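Trainee: Hi! Could you walk me through this one?
Mentor: Happy to, let's bring it up.

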Amino acid sequence: MIFKKTKSLESKMDAFLDKISEAGIEYRRGIKNYMKNNHEDFERHLQQVTKLEHEADELRKNIETRLYTQTLVPESRGDILALMETSDDVIGRAKDTLVELSIEKPDVPAEFKSGFIELARSTSRALEEMVLALRAFMRDPINVRNYLHKVYHYEKESDRLAEELKRSIFASEELQLSHKIHLRYFTLHVDMLADLSEDVADRLAIYTIKRSI
Amino acid sequence: MLILLFLSSGLFLGWSLGANDASNIFGTAVGTRMVKFSTAAVVASIFVVLGAVISGAGTTHTLGKLGAVNMIAGAFMVALAAAVTVLWMTRLSLPVSTSQAIVGAIVGWNIFAGKATDMGALTKIASTWVLSPILAAAFSFIFFLLFKKLLDFWKIHIFRLDAYTRIGLIVVGAFGAYSLGANNIGNVMGVFVSVAPFEDLSILGFSMNGVQQLFLLGGLAIAVGIFTYSKRVMLTVGTGVVKLTPQSALVVVLSQSIVLFLFASKGLEGWLLAHNLPTIPLVPVSSSQVVIGSVLGIGLANGGRGIQFKVLGRIASGWVTTPIIAAVLSFISLFFLQNVFDQQVVKPMDHTVNHQTTIIENVPHG
């Protein structure tokens with residue numbers, strides 16, 4: 001009985017992490033399709049991310065309720081919930097960025113498109129490594145560090161790419177200042193996904209020390 | 001009714017043991033909410049009584065060798081002196097153990113009665129006070145490293161590990177409670193063994209001798225202590241003094257239970273004897289000091305960080321001060337009971353000294 005409950009909770013946690021990972025992939029493809037003017041595909045990815053975000057949210061609430069009502073993992077449940085909530089913020093940010101792209105439809109000149117695609121790839125890699133670190137935290141805490149350092153690596157890489165992109169945008173002589181500011185706004189948004197992944201990684205670093213017996 | 005009045009000091013010792021020492025077994029489990037207090041109290045009570053009735057004779061025999069209190073009024077006062085020592089030293093926040101108090105109180109009775117104390121038995125008992133925390137530290141050091149290796153190897157999901165740990169804490173806790181009952185019932189009821197007037201009893205095919213009935217009463221007193229007062233102590237232990245993860249707590253309880261069992265098991269003693277191996281003396285030891293030894297073992301396995309050597313010094317000082325205080329108190333109170341309340345606390349006896357074995361035996365008159 002007790003193991004049945006535990007197994008179902010384990011599956012739910014795995015499903016939650018799967019949703020975050022999938023959302024990262026959909027987000028990266030969404031940005032790529034937007035930059036390549038495949039607007040139909042872009043909208044499909046946006047819908048997918050919205051759906052995944054909603055499902056992850058439901059799973060999080062369900063796990064949260066069960067952890068507290070059944071007094072499970074009393075030592076670490078606060079940490080687990082904090083990790084789930086901050087992970088939820090990451091895909092929330094991914095969805096918001098795609099929604100804003102869909103609403104505002106920024107005009108991205110051809111010379112900046114590869115920069116945005118590259119930035120989205122780097123930030124989604126940070127998110128993927130964050131998910132791997134979370135999976136390790138659940139089953140194999142001594143390996144968490146192996147993933148954390150990759151999260152930090154891709155976050156730095158994303159910062160570098162974002163700065164490069166912003167510099168080239170503002171160096172452009174053809175664009176209006178308002179246009180430049182609009183593009184900078186989206187650069188910040190795409191980059192923020194890596195920053196939020198880093199926040200989760202920071203928490204994980206501490207919680208992993210706490211988890212060791 | 002009079003017998004219950006005389007037993008009351010022992011029952012009070014039992015209550016105090018249940019109130020304080022059950023927390024050494026289930027404290028962290030309850031304090032960290034891994035196990036509900038009601039579950040812990042029921043499991044601890046059942047197994048403490050079983051341990052006392054089934055395996056309590058070994059340590060009691062050793063205490064009997066130290067000094068066989070031969071009048072029930074004397075036994076009452078010896079147990080009361082030990083209880084008051086424990087209560088008084090606890091209120092002064094001094095490290096104290098029932099095992100050490102009862103030994104001091106028995107020696108106090110020996111001095112009052114003019115009987116020689118068996119130095120061999122006393123040395124054996126005192127050496128286990130030092131040995132038991134060291135042994136517990138060694139066990140927990142090994143178990144901790146073993147658990148760590150196994151957990152790294154098995155990669156158990158955090159939720160499943162939680163479930164396993166809960167079950168482990170209850171199962172090992174039950175073993176711990178059994179061992180506590182077996183090891184410490186001698187402290188509670190040992191002095192009454194030779195004077196309690198219980199007849200052998202047979203109900204529904206189960207038979208109990210007088211000593212087992214005495215231990216059942218003592219075990220029930222411990223259970224009452226667990227139910228009425230141990231919750232607060234458990235919550236303090238679990239959340240206050242030492243912060244342990246549930247897995248470390250499991251290691252601590254396992255090490256403690258094994259040590260208490262080793263010093264109480266007649267079966268193990270028989271097995272060791274049968275295989276020509278050195279035996280472990282059956283002596284009541286302090287579960288609190290054994291727990292501190294276990295926690296120390298984990299501290300050492302973690303590289304020795306955060307170990308407070310001052311605490312160890314305080315424990316060592318308790319090995320000397322507790323028995324001395326209890327002996328003095330026992331002596332004075334026996335004097336008062338005999339001379340002010342006109343109760344016979346000592347039955348006169350002859351001494352027979354066997355020079356070949358240097359064991360002193362007390363032979364009652366008639």
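Mentor: We'll go through the chain contact first and then some helix packing.

Trainee: Sounds good. What should I know about the model and its numbering?
Mentor: This is a predicted model, so to speak of local features we need pLDDT of at least 70, side-chain atom pairs count only at pLDDT 80 or more, and totals for chains, interfaces and linings use all residues. Residues are numbered from 1 along each chain as its sequence is written, chains are lettered from A and ligands numbered from 1 in the order in which they are written, and side-chain values use heavy atoms, leaving out hydrogens and water.

Trainee: How many residues of chain A are in contact with chain B?
Mentor: 25 residues of chain A touch 27 residues of chain B, where contact means heavy atoms within 4.5 Å.

Trainee: And what area is buried between them?
Mentor: About 2200 Å², with carbon and sulfur atoms giving 66% of that. Buried area here is the accessible area (1.4 Å probe) that two parts lose on being put together, summed over both.

Trainee: How many salt bridges are there between chain A and chain B?
Mentor: Two, taking a salt bridge as a side-chain nitrogen of Lys or Arg within 4 Å of a carboxyl oxygen of Asp or Glu. Over all chains, the count is 21.

Trainee: Which residue pairs with A:Glu10?
Mentor: B:Arg160, with the closest N and O atoms 2.9 Å apart. B:Arg160 lies in helix H7 (residues 158-189) of chain B and A:Glu10 in helix H1 (residues 2-35) of chain A, so this pair joins two chains. Helices are DSSP runs (H or I, at least four residues), numbered from the N terminus.

Trainee: Switching topic: at what angle do H3(A) and H4(A) pack?
Mentor: Helix H3 (residues 77-104) and helix H4 (residues 110-139) of chain A pack at about 165°, their axes 12 Å apart. That makes H3(A) roughly antiparallel to H4(A), a label for angles over 145 degrees. Axes are lines fitted to C-alpha atoms, for helices over the stretch in contact, and angles run from 0 to 180 degrees between N-to-C directions.

Trainee: Which residues make that contact?
Mentor: H3(A) gives A:Ile80, A:Leu83, A:Ser87 and A:Val90, while H4(A) gives A:Leu127, A:Met130, A:Leu134, A:Phe137 and A:Met138. By class, there are eight nonpolar residues, one polar and no charged. Ala, Val, Leu, Ile, Met, Phe, Trp, Tyr, Cys and Pro count as nonpolar, Asp, Glu, Lys and Arg as charged, and the others, Gly among them, as polar.

Trainee: Now chain B. Where does H3(B) meet H7(B)?
Mentor: B:Thr59, B:Thr60 and B:Leu63 of H3(B) meet B:Ala182, B:Asn183, B:Ile185, B:Gly186 and B:Asn187 of H7(B). This contact has three nonpolar, five polar and no charged residues. The axes of H3(B), residues 57-66, and H7(B) come within 7 Å and cross at roughly 35°.

Conventions. Parallel < 35°, antiparallel > 145°, perpendicular 65-115°, else oblique.
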